[in-house]
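Welcome! Here are some exercises with worked solutions to help you find your way around a new structure. Try each task before you read on.

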Amino acid sequence: METFFNDKLLPAVMKVVDTKPMRALRNGMLYTMPLTIIGSIFLILTNFPYKPVVDFLESMRFIGPMNQAVGATFDIIAIIAVIGIAFEYVQGEGHAGFNAGALAFVSFLILQDSFVTNGDGVQIGGVIDKAWAGGKGMIAAILIGIAVGWIYSFFLNRDIRIKFPEGVPTGVVNSFAALIPGAVVILLSVITYGLFKNIGDTTLLTSIYRFIQVPLEGMTDSLGGVIMMGFLIPFLWFFGIHGSTIVGGIMGPILQANTLHNKSILDSGIELTVANGGRIVTQQFLDQYMTVTGAGMTIGVVIFMVFFAKSARNKEIGKLSIVSAAFNINEPIIFGAPIVLNPIMAVPFIMMPVISGLILYFAQYTGLVPLFGGVLAPWTTPPLISGFLVGGWKLALLQLFNLSLSFFVYYPFMKKMDAMNLIEEREALEKE
């Protein structure tokens, strides 16, 4: 199996992951992270689970301004994504990326309606619809960002630009270099908007949302999506590949869109339930219940090493891993135990995230615990704290249950590993 993976499967996976669009997507989406984390702080405060706190904030008239912060962060992440992806694409080609990011934003605006219709059927023009600027426009932002990055790079890579003699300031050169690819991008955007509007009375963004994003969200928000993510991340890690980055980079935009979909349901005043269209599999689902304490949910390994291990090696690794595991970093365990390329540890390492994901999926599907709203916690937030922040005490309790379960899943395998290590240590002492 190892030979097949290293010689055939791994090169094929890395070939896809290391393409220019995938690198631009992975790096460009990182620009949305600070906004969602900061916005989550204000979202927690405005929906604090202790009513006297909310009453105090309302009495001080802080709720309105804080809701402004929530809207100005969560509701524009598609804009940040389209700019960041185009910027990273062009930057990766060795050119200045800011102009490409600005053009991608312009294209994003052209390809959506610049008006909204109020309750009386009157059109109000000159607006940017935050519905498309947020999670609803995420997949469109990704596709537009990649397309603009490619078009912009196509011209500059072939030196099709307005040229200046040496000595002209770099800022001036870069500005005029954007004119030809910029004109092409804007012209294509105008033509596309006109075709969709005149032929189908719709827009490109609406069509992408209806025919691509909604099906993708539905596929992700399923048992199959849970099993796939739970399997792939530790499977790649088992061979020494950073599965969290690869799978997270691909699935992240869809999971964020699912999170923002739930937030939009709450914002509309409707109860967030599966029956009302709420999504189960969101960014919090992955971060706080499938990769919590690290890929493979290896807190069970740490607990065994610290309290039950007999070999000196395991005891020492366990002590060194406690702090990092508390912040969801488990490279010391993955490479120190080791788990990488260790056939004994493959089964629990791959199985535990899938088990945790399935438990959470059915718990939320049946209404035993609530669905996730818009609150996101940084992936380094310690467990239990993160569970409480993203979903309250019920989800924190379920997180504790799943983490406790990891000990029992890993126990028989770690006991075997510990016995083997103890024999090796005794043999080494006898030789000395």
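**Exercise 1. Decide whether Lys 263 is buried or exposed, then find its salt-bridge partners.**

*Step 1.* In this predicted model, Lys 263 has a relative accessibility of 5%. Buried means under 20%, so Lys 263 counts as buried.

*Step 2.* Look for a partner within helix 14, where both Lys 263 and Asp 267 lie. They are four residues apart, which is about one turn of the helix. Their closest N and O atoms are 2.8 Å apart, and the two form a salt bridge.

*Step 3.* Now look further along the chain. Asp 75 also forms a salt bridge with Lys 263, with 3.8 Å between the closest N and O atoms. This pair links distant parts of the chain, 188 residues apart: Asp 75 sits in the loop between helix 5 (63-74) and helix 6 (77-92), and Lys 263 in helix 14.

*Step 4.* Check the two acidic partners. Asp 75 has 21% relative accessibility, so it counts as partly exposed. Asp 267, at 53%, counts as exposed because the cut-off for that class is over 50%.

*Step 5.* Put the pieces together: salt bridges with shared partners join Asp 75, Lys 263 and Asp 267 into one network.

**Exercise 2. Work out how helix 12 and helix 14 are arranged, and which residues meet.**

*Step 1.* Start with the geometry. Helix 12 covers residues 204-220 and helix 14 covers residues 243-267. Their axes are 10 Å apart, and the packing angle is about 95 degrees. Angles of 65 to 115 degrees count as roughly perpendicular, so that is how helix 12 stands to helix 14.

*Step 2.* List the residues that meet. Helix 12 brings Gln 213, Leu 216, Glu 217 and Thr 220. From helix 14 come Met 251, Ile 254, Leu 255, Ala 257 and Asn 258.

*Step 3.* Sort them by class: this contact has five nonpolar, three polar and one charged residues.

**Exercise 3. Find the salt-bridge partner of Glu 217 and say where each of the two lies.**

*Step 1.* The side chain of Glu 217 meets that of Arg 279 in a salt bridge, at 2.8 Å from N to O.

*Step 2.* Glu 217 belongs to helix 12, while Arg 279 lies in the loop between helix 14 and helix 15 (283-289), so the pair ties together parts that are 62 residues apart in sequence.

*Step 3.* Both Arg 279 and Glu 217 are buried. For the whole model, the count comes to seven salt bridges.

**Exercise 4. Describe the largest nonpolar core: how many residues does it have, and which helix gives the most?**

*Step 1.* A helpful background idea is that nonpolar side chains tend to be buried together in soluble globular proteins.

*Step 2.* Here, the largest nonpolar core has 53 residues. Val 281, Phe 285, Ile 333 and Leu 360 have the most contacts inside it.

*Step 3.* Several helices each supply at least two residues of this core, including helix 13 (223-238), helix 17 (312-326) and helix 19 (343-365). Helix 21 gives the most, with eight residues.

*Step 4.* Zoom in on Leu 360. Leaving out residues up to four places away in sequence, Leu 360 touches Phe 285, Tyr 289, Val 369, Phe 372, Leu 395 and Leu 398.

*Step 5.* Finish with a second, separate core of 47 residues, which includes Leu 111, Trp 132, Val 148 and Val 185.

Terms used. Residues numbered from 1 in each chain as written. Predicted model: local features only at pLDDT ≥ 70, side-chain atom pairs only at ≥ 80, totals over all residues. Heavy atoms only, no water. Axes fitted to C-alpha atoms, helices over the stretch in contact; angles between N-to-C directions. Parallel < 35°, antiparallel > 145°, perpendicular 65-115°, else oblique. Contact = heavy atoms within 4.5 Å. Nonpolar A, V, L, I, M, F, W, Y, C, P; charged D, E, K, R; others polar. Salt bridge = Lys/Arg side-chain N within 4 Å of Asp/Glu carboxyl O. Buried < 20%, exposed > 50% of the residue type's maximum accessible area, 1.4 Å probe, protein only. Core = buried A, V, L, I, M, F, W, Y, C linked by side-chain atoms within 4.5 Å.
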